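These exercises go through one structure step by step. Each task is followed by a worked solution.

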Amino acid sequence: MIELDREQEMMLAAVREIVDREVRPQAAQIDEEQRFPWETVRVFADNGILTPLLPQQYGGVGVNYLLFCMILEEIAKACASSALLLIAQADGMLPILCGGSEALKEAHLPGLAKGNLAAFAATEPDAGSDVLSMKTRAVRDGGRYLINGRKCFITNGSVADVLTVYAYTDPDKGPRGISAFVVTKGSPGLSYGKNENKMGMRGSVNSELIFEDLSVPVENRIGEEGEGVANMMAALDTSRLFAAAQAVGLAQGAIDEAVTYAGARVQFGKPIARTQAIQFMLADMVAATEAARLLTYQAARYLDRGKGPQARKFCAMAKFTASDTAMKVTTDAVQVLGGYGYMKDFPVERMMRDAKLIQIYTGTNQIMRMVTAREIFRE
Ligand SMILES: Cc1cc2nc3c(=O)[nH]c(=O)nc-3n(C[C@H](O)[C@H](O)[C@H](O)COP(=O)(O)OP(=O)(O)OC[C@H]3O[C@@H](n4cnc5c(N)ncnc54)[C@H](O)[C@@H]3O)c2cc1C
């Protein structure tokens, strides 16, 4: 469907091999134990896929958005939590890459290819969909800023070496008063609240971050004061694309399980795959997933051509379409497996729990429809 060059084909083949060897075998276990997969971080870093979007000049591979989506899909087919690790890494990295000074990039980006982890911290206990109502404040004090506030649900939060943090530097200016900062692990004034106990994506860490007179040098500001909201919105657009790719992979993984099972499971003297009820269900699952995949690739193409209103609209549409599809497809996959689908011996129940998050995070699907409608009526 998509023409890839030889190098891109080889990269995807290598990802598939790593997924089969290292990711798939432990997907159920990290979910059951709600354990962060440090060994996967190492494997991804050693094979150049921990931060594939990072340009070569900073030690990355420099893949485009489309190829990154395909990489996420391959990983999410087996383990959506492991794909989320790469998404959080990209979400934390891109604001620095796109808006940071050369010194900030040199200081923090090369480590992200080698095994350091990143996170993107915008959400607060009282500021979710309405993220601009955040209460975190950064007050300039000579050559430093003192940051006070609290972030929640942050993916990779307590394991990240580099955090991209959003805070108001001038609340009187409204959204134009938000600025972005790089905060590093171990900074005085940074502490961690609880790691969340979640329904799904349990092989991923989500943490509360607490800032109490957290002192960061002025040089750690990403861009100028007041540029934080544009930086954050750009990061959210790309994050929505990544979530869409994760959802497509998850749906495909569930389809693969359901097809295999339906061919093997015999009831009434024949495989259930030969019943029209199962065939029609699978036909709908495959058609919806292919449609979501095309929309996701189209959004990636727009982003590869440059950010803008069209890319924003397509990223939002891909995000809600792909995650609603993943929710339905994984639920139907459980149905195809019947009682066994409900048991932890098969991966489809985990996939169904994982899919639910993608309808919620990086902008809920209600907010995604609002973003889409806003762009439609702006046109
Ligand atoms: C596992 C997980 C990982 C996350 N990772 C990160 C991360 O790495 N970094 C980060 O910054 N954040 C992260 N988040 C936060 C996530 O983006 C927010 O949870 C999400 O944006 C929704 O905010 P909320 O949970 O406060 O829900 P709310 O905003 O309180 O929404 C509750 C409900 O109301 C609906 N709603 C709200 N406002 C409107 C409206 N105007 N119109 C229609 N419906 C509306 C929502 O769609 C939703 O159904 C994560 C969340 C989770 C659960």
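How many bridges join strand E4 (residues 162-168) to E5, and do the two run parallel or antiparallel? The model is a predicted one. E4 and E5 are joined by seven bridges, and the two strands run antiparallel.

**Exercise 1. Place strand E5 among its neighbours.**

Step 1. Start on the E4 side, where Tyr 166 stands opposite Ala 180 in E5.

Step 2. Turn to strand E8 (residues 221-222). Two bridges join E5 to E8, and this pairing is antiparallel. Here Phe 181 stands opposite Arg 221 in E8.

Step 3. Check burial. In strand E5 (residues 178-184), six of the seven residues are buried, so the strand is largely enclosed by the rest of the structure.

**Exercise 2. Examine three salt bridges and say where their partners lie.**

Step 1. Take the total: the structure holds 24 salt bridges.

Step 2. Look at Arg 293 and Glu 73. Their closest N and O atoms are 2.9 Å apart, and the two form a salt bridge. This pair links distant parts of the chain, with Arg 293 in helix H7 (residues 276-305) and Glu 73 in helix H3 (residues 65-78), 220 residues apart. Both Arg 293 and Glu 73 are buried.

Step 3. Look at Glu 208 and Arg 150. Their side chains meet in a salt bridge with an N to O distance of 2.9 Å. Glu 208 belongs to strand E7 (residues 206-217) and Arg 150 to strand E3 (residues 144-155), so that distant parts of the chain, 58 residues apart, are linked. Glu 208 has a relative accessible area of 15% and is therefore buried, the cut-off for buried being under 20%. Arg 150, at 37%, counts as partly exposed.

Step 4. Look at a network. Arg 16, Glu 74 and Lys 77 are joined into one network by salt bridges that share partners.

Step 5. Look at Arg 21 and Glu 22, whose side chains meet in a salt bridge at 3.0 Å, N to O. Arg 21 has 42% relative accessibility and so counts as partly exposed. Glu 22 is partly exposed too, with a relative accessible area of 32%.

**Exercise 3. Describe the largest pocket from its volume and its lining.**

Step 1. Give the volume: the largest pocket holds about 1200 Å³ of space.

Step 2. Name the residues closest to the centre. The lining has 48 residues, and Thr 123, Ile 360, Tyr 361, Thr 362 and Gly 363 are the closest to the centre of the pocket.

Step 3. Find the elements behind the lining. Helix H4 (80-99), E3, helix H6 (228-264), helix H9 (348-360) and helix H10 (365-378) each give at least two residues. H6 supplies the largest share, nine residues.

Step 4. Sort the lining by class: 24 residues are nonpolar, 11 polar and 13 charged.

**Exercise 4. Do the same for the second largest pocket.**

Step 1. The volume of the second largest pocket is about 210 Å³.

Step 2. Its lining has 16 residues, and those closest to the centre are Ala 27, Ala 28, Phe 346, Pro 347 and Arg 350.

Step 3. Helix H1 (6-33), H3 and H9 are the elements that give two or more residues to this lining. The largest share, six residues, comes from H1.

Step 4. By class, the lining of the second largest pocket has seven nonpolar and nine charged residues, and no polar ones.

**Exercise 5. How many disulfides does the structure hold, and why is Cys 79 in no bond with Cys 69?**

Step 1. Recall the term. A disulfide is a covalent bond between the sulfur atoms of two cysteines. The cut-off used here is a pair of cysteine sulfur atoms within 2.5 Å.

Step 2. Count. The structure holds zero disulfides.

Step 3. Check Cys 69. This residue is in no disulfide, and the nearest cysteine sulfur, that of Cys 315, is 8.3 Å away. Cys 69 counts as buried because its relative accessibility is 0%.

Step 4. Check Cys 79. Its closest cysteine sulfur is in Cys 69, at 18 Å, which is too far for a bond. Cys 79 is buried as well, with a relative accessible area of 2%.

Conventions:
Residues are numbered from 1 along each chain as its sequence is written. This is a predicted model: local features need pLDDT of at least 70, side-chain atom pairs count only at pLDDT 80 or more; totals for chains, interfaces and linings use all residues. Side-chain values use heavy atoms; hydrogens and water are left out. A salt bridge is a side-chain nitrogen of Lys or Arg within 4 Å of a carboxyl oxygen of Asp or Glu. Buried means under 20% relative accessible area, exposed over 50%, partly exposed in between (1.4 Å probe, protein chains only). Helices (H or I, at least four residues) and strands (E, at least two) are DSSP runs, numbered from the N terminus. On a 1 Å grid over the protein atoms alone, a cavity is a set of points where a 1.4 Å probe fits but cannot get out, and a pocket is an open set with protein on both sides within 12 Å along at least five of seven lines; lining residues have an atom within 4 Å of a point. Grid points are joined across faces, edges and corners, and a volume is the space filled by probe spheres set on the points. Ala, Val, Leu, Ile, Met, Phe, Trp, Tyr, Cys and Pro count as nonpolar, Asp, Glu, Lys and Arg as charged, and the others, Gly among them, as polar. Two strands pair if DSSP finds at least two bridges between them.
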